[in-house]
Amino acid sequence: MEENQLAVKCKNLIKIYGEGTGKIVALRGIDLEVKSGELMMLAGPSGCGKTTLISVIASILDQDSGECKVYGHELKDLNKDEKIAFRAKNIGFVFQAFNLFPTLTAAENVAIPLIIGGMDHTVATQKGADLLEQMGLGDRATSFPTDLSGGQQQRVAIARALIHNPRLIVCDEPTSALDGETGHKIMELMKSIAVDKTRTLIVVTHDSRIFQFADRIAKMEDGHILKVTSNYKEFE
Amino acid sequence: MFYIAFRMLVGDRGKFLGIILGLSFASLIMTQQPGLFVGIMTRAYSFITDLGQPDIWVMDPTVQYIDDIKPMPDTYLYRVASVEGVKWAVPLYKGTIQVRLHSGTFQTCNLIGLDDTTLVGAPAVMLEGRIADLRRAYGIIVNLEGVLDKLANPPTYPGGPKIPLRVGQEIELNNNRGIVVGIALTTRTFQSQPVIFTTYSNATLFTPPQMNLLSFVLVKAKPGQNLDVLCKRIKRLTGLVAYTKQQFKDLTVNYYLKYTAIPINYGVSVLLGFLVGAAIAGQTFYNFTLENLRYFGVLKAMGTSDRTLLYMIIFQALIVSFIGYGIGVGCTGIFVFLTRNTVVAFRFPWQLFVFSTVGITLISSFAALLSIRKVIKLEPAVVFRS
């Protein structure tokens, strides 16, 4: 694969938690390439290292050894401030538990990445409301998260991950807190809005109901990637 | 980001009010209790404050504070007056006297005997009568508190209000006749006893016979005199001690600080207020941060720097400090307003303002520091933990 087509390239990536007898090797030499514009899913049982892997890729966790390049930037070569700036510009996050700020409205929640980027909160909130409008949540822009359903909250979270137009979006179990039908709708939304030629999605999941939305699926177990396939039926 | 910090803070009203309550309580205690303490200490030397004219007070060397009277022979007045640099020197009698009330009971009062000629030391504010009337036979001036309360006439019917003492009325001072010729406004004394002013010669009549009556010699320095130098000169030449007004006030306050439990009692109150306020505010603010740790983690993951998070927490701490301090000082203000015409002593000098501001700042900083440490050490990867 051409280097400039790659969104993510991990080579012999190792991550160890703790030390001595309590040492846990979470990633045992991961090799992974994710193309730009691809929706890649990381699947596997709990504790296999999926979340650790996207944490390293999202530069919120440091690897112990190996390489991890995101859009050409070797993460271990970036200092702390450079990583913060890199994340603010290039990474969008979607969390399992949504992690919406309960004291902010939906539009204000969506606006957070823009505010972090230095935009005035009034302007940013208006942009957030506009994006929610595009996503069919215009009437809920001023609602607080507690007034929204699970599906609506996750759509707000997706809007928040998209609003600053990042090149990589990492999603951790985005459908596990949703029923099957809502989960499907969320994945359809992500596939239609979030993925394009310049943007890549990496989704951690063990929800087999959404495997069909993946361009490729990496099966992980015990800190290794066992195989990468584009045929989701292999996992059913 | 300050907008987000503000919304995070005020969004949870219960927690927000808890922090505000803690800081308000602390600032109330830290302003009201020391205010009372300063007020009481001010009353301890109110008599020195009220006597505006003299620069120097001369007295027996064993005097420890304003009410510790050690009478001196009258001839000492002339010794002091003859010291170089003294413009004038007048005698002052200060003591207590038993006044027999119209109800038949007795009331202890402060009796002030002023120089017959100059009446130096007379009250500055007369509500009724004239100071010069003190020179009339048996003339006395009574302060307002005495007139309205402790020296007032008995009620006309049981349980009725006391009838204030009037100008022209007679009272019995130690089996001697005294005629009220004026009513004056004075600062309340430490013991809140009525104050009766008369001339020095009348004072010698009213008080029981004793060898010496001169309590203090009040001195006015010649223009350009260094008061400290003059005090030392008086001490050297007369064998008495001489203090400037401020030195005598300090001597009096130091006596109360050293020999009474007043400062300890108030100090304990202030300390407890500080500690309880710090505990409530610190704990609530820390809990607030802990409960929002996940959201601070989200901000961190999304690209907010530690420095920005630090500013956010400081901003939150400043908001609660500002509001809490405002409410606390406001409550103290209400307390002062409600007690303005009562026996309650209260003073709020600028030093107290600085003290309470520093106290609240310390509490807020403590609360913020606890939280900052937690947030700065937070790994952004926490956001992926369910």
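**Close-up 1. Helix α4 of chain A in the predicted model**. Helix α4(A) runs over residues 121–134 of chain A. At 1.5 Å a residue, its 14 residues should span 20 Å, and the end C-alpha atoms are 20 Å apart, so expectation and model agree. Six positions to find here are A:A124, A:T125, A:G128, A:A129, A:L131 and A:L132, which are buried. They cover an arc of only 160° around the axis, and therefore lie on the same side of α4(A). An α-helix has 3.6 residues a turn, so residues three or four places apart point the same way.

**Close-up 2. Surroundings of α4(A)**. The buried residues of α4(A) are covered by elements that include α3 (106–116) and α5 (150–162) of chain A. Turn to the face away from the buried side. There, α4(A) carries the exposed residues A:T122, A:V123 and A:Q134. A:G136 follows the helix. The phi of A:G136 is positive, near 80°.

**Close-up 3. Helix α7 of chain B**. This helix covers residues 227–238 of chain B. Its 12 residues, at 1.5 Å each, should span 16 Å; the end C-alpha atoms are 16 Å apart, which agrees. B:L230, B:C231 and B:I234 are its buried residues. Seen down the axis of α7(B), they fall within an arc of 105°, so they line one face of the helix.

**Close-up 4. Surroundings of α7(B)**. Which elements do the buried residues of α7(B) pack against? They are β1 (56–59), α4 (76–81), β9 (216–221) and β10 (241–244) of chain B. On the other side of α7(B), the exposed residues are B:V229, B:K232 and B:R236. B:G239 comes just after the helix, with a positive phi of about 80°.

**Close-up 5. The contact between chains A and B**. Chain A gives 24 residues to the contact, and chain B gives 20 residues. On the chain B side, α1 (2–11) and α10 (293–301) each supply at least two residues. The largest share of that side, five residues, comes from α1(B). By class, the side of chain B that touches chain A holds 12 nonpolar, five polar and three charged residues.

**Close-up 6. Confidence along chain A**. Chain A has a mean pLDDT of 86, and 96% of its residues reach 70 or more. Within chain A, confidence is highest in α3(A), at 92. Confidence is lowest in helix α6 (residues 180–194), at a mean of 78. Where pLDDT is low, the predicted coordinates should not be read in detail.

Terms used
Residues are numbered from 1 along each chain as its sequence is written. Chains are lettered from A and ligands numbered from 1 in the order in which they are written. This is a predicted model: local features need pLDDT of at least 70, side-chain atom pairs count only at pLDDT 80 or more; totals for chains, interfaces and linings use all residues. Helices (H or I, at least four residues) and strands (E, at least two) are DSSP runs, numbered from the N terminus. The expected span of a helix is 1.5 Å times one less than its number of residues. A residue is buried if 20 or more other C-beta atoms lie within 10 Å of its own, exposed if 12 or fewer, and partly exposed in between; C-beta atoms are placed from the backbone. The arc is that of the directions from the helix axis to the C-beta atoms. Two residues are in contact if their C-beta atoms, placed from the backbone, lie within 7 Å. pLDDT is the predictor's confidence in each residue, from 0 to 100. Ala, Val, Leu, Ile, Met, Phe, Trp, Tyr, Cys and Pro count as nonpolar, Asp, Glu, Lys and Arg as charged, and the others, Gly among them, as polar.
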